[in-house]
Amino acid sequence: MIWSLLTALVVAGTHLHGTANAAASAGPSACVTFDINWNLLAFGFNGKDYNAGTQDTWTSSGAPTDITASGRPPFNSPNTTCYLSQFTNAIYVLNADSANPSDIYIYDATAKSWTTQTVTTGKFDPSNFGAILDHDTNVFYAYSNGELYNLDMGLLKAANSTPIPWNDVQEADLSADSDGTSTPGAGTDGYQPVMALAQNHIHFLGISSLPAGDAKIFVIHFSFMQPAPQNYGTPFPSTHGRAASFFQDQGVQQEFAFIPDDGSATYVINVETNTTKTLSGPSVKDPFAQYYASTSALVQLTTSGQVNFLAYNQNTTTSGGTWTTISKLPSAASALSPSGSAGAAGAAPTGSSGGKSGSSGSGSGSSGNSSSGGSGSNSGAVGMGSRGLGGMVLAAGLAVVGVLVL
């Protein structure tokens, strides 16, 4: 499935063997996110966790604050992801423990303590999913094998003794048609989820059947998949990539960033105006990197453990920008799992189908506007869908000509 040439070129230091599942070793086992004061928190950096402070200090001299505490996850599984629960000032960490892949670790950013929340998976597959955390409800929504699931975190900043269940919500409709009907399961075959969050809507990107600049939308508060796609102006590509939503200090999130696998640009989509800005692509063009956002920065964690950021003002930035390394943090050399351990979840870049086998048909209806006027903001870490073979082929091709910078 993956040619031997690709395995040598896609990501330096990774061991992509002859199967798509081996590519799951490519994503970071560390993660970064923010607390409610917009301090950058870095977890799993060579066995340590750090507070790198606020954005104005990221490139200054001095060491970050060591916040390593007992009860932390081992960070030994590729594609670990972190989510800020803004109401509770807690960090939820998924896929950080290869021995217990479905456990959710909770870091109380105020008390600086860890607890472990067990879950009941049901039909949910913890080895193959993409997920977001809705701010208003503090509920995870995940896409796995063509199905939508949710998991209610309540207002937890420490774990319960009772497992929390993953609930089956509905089959997704990712069709491109707009004839007024919805077809559950349509368009999901082979889809590797790229999920972005704004206005309490989940935006599904990277759907090959959609025109450039379009997204399919799931309205969280009504548990409703809009039948027709929504267009956002500037035609960002219908390819796989990563996404991260920009927080607001108060009120609903309005924008999210989308970075295609080739790193050619950073697209910022505004769901209030249905428009898209084109910013500079990351200087490190790593198709397996993870992205996180605050109110004023987009942060990249590469597979080599380097942390970079793009400053962004939601009111004034319209284009361009420069990516800068956060020199205050050490390189997370352990961010890359060399063993390709089984059970890599969430963002696992795999070539296997993430969709419902044999699903077909189309859904339709009025397009609707993605702006619902709901309140609150959303998780800054989103869209960690499984990576398709096409993205890896493109990355390898770029590496051949020396474009893939690692």
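1. Start at strand E25, which runs antiparallel to strand E26 (residues 307–311) and is joined to it by 5 bridges. Here strands are DSSP runs of E with at least two residues, helices are runs of H or I with at least four residues, and both are numbered from the N terminus. Two strands count as paired if DSSP finds at least two bridges between them. One of the bridges between E25 and E26 sets Val 299 against Phe 309. The hairpin of these two strands has 5 residues between them, and Gly 305 takes a positive phi near 95 degrees there.

2. A word on what you're looking at. This is a predicted model, so local features need pLDDT of at least 70 and side-chain atom pairs count only at pLDDT 80 or more, while totals for chains, interfaces and linings use all residues. Residues are numbered from 1 along each chain as its sequence is written, and side-chain values use heavy atoms, with hydrogens and water left out.

3. Back to E25 and its other neighbour. Strand E24 (residues 290–293) runs antiparallel to E25, and 4 bridges join the two. Gln 290 sits opposite Leu 301 of E25, and the hairpin from E24 to E25 goes through 3 residues.

4. Is E25 (residues 297–301) enclosed or open? Because 5 of its 5 residues are buried, E25 is largely enclosed by the rest of the structure. (Buried means under 20% relative accessible area, exposed means over 50%, and partly exposed lies in between, with a 1.4 Å probe and protein chains only.) Ala 297, Val 299 and Leu 301 point one way from the strand, Leu 298 and Gln 300 point the other way, and all of them are buried.

5. Next, have a look at the open sheet. It has 4 strands in the order E5-E6-E7-E8, with antiparallel pairing. At the edges are E5 (81–85) and E8 (113–117), each of which pairs on one side only. From one strand to the next the twist averages 25 degrees, where axes are lines fitted to C-alpha atoms (for helices, over the stretch in contact) and angles between N-to-C directions run from 0 to 180 degrees. Inside this sheet, E6 (residues 90–94) and E7 (residues 104–108) are joined by 5 bridges, and Ala 90 stands across from Asp 108 of E7.

6. Earlier in the chain, E2 (residues 40–45) and E3 (residues 48–51) run antiparallel, with 3 bridges joining them. Leu 41 is opposite Asn 51 of E3. These two strands form a hairpin with 2 residues between them, and Asn 46 in the turn has a positive phi of about 55 degrees. E3 also pairs with E4 (residues 65–66), again in the antiparallel sense, over 2 bridges. Asn 51 turns up here too, with Thr 65 as its bridge partner in E4.

7. How many disulfides does a search of the whole structure find? There is 1 disulfide, a disulfide being a pair of cysteine sulfur atoms within 2.5 Å. Cys 31 and Cys 82 form it, with their sulfur atoms 1.7 Å apart. This pair links distant parts of the chain, since Cys 31 is in E1 and Cys 82 in E5, 51 residues apart. Both ends are out of reach of the probe: Cys 31 is buried at a relative accessible area of 0%, and Cys 82 is buried at 0% as well.

8. On to the aromatics, with 22 pairs in the structure. Rings of Phe, Tyr and Trp (its six-membered ring) pair if their centres lie within 6.5 Å; planes under 30 degrees apart count as stacked, over 60 as edge-to-face and the rest as tilted. Trp 38 and Phe 247 make a tilted pair, 5.2 Å centre to centre with 50 degrees between the planes. They sit 209 residues apart, Trp 38 in the loop between E1 (31–34) and E2, Phe 247 in the loop between E20 (241–245) and E21 (255–260). Trp 38 is buried at 12% relative accessible area, and Phe 247 is buried at 1%.

9. Phe 236 and Tyr 267 form another tilted pair, at 6.4 Å centre to centre and 50 degrees between the planes. Phe 236 is in the loop between E19 (230–231) and E20, while Tyr 267 is in E22 (residues 265–270), 31 residues apart. Phe 236 counts as buried at 1%, and Tyr 267 counts as buried at 12%.

10. One aromatic cluster is worth finding on screen: Tyr 83, Tyr 92, Phe 124, Phe 129, Phe 140, Tyr 149 and Trp 166 form it.
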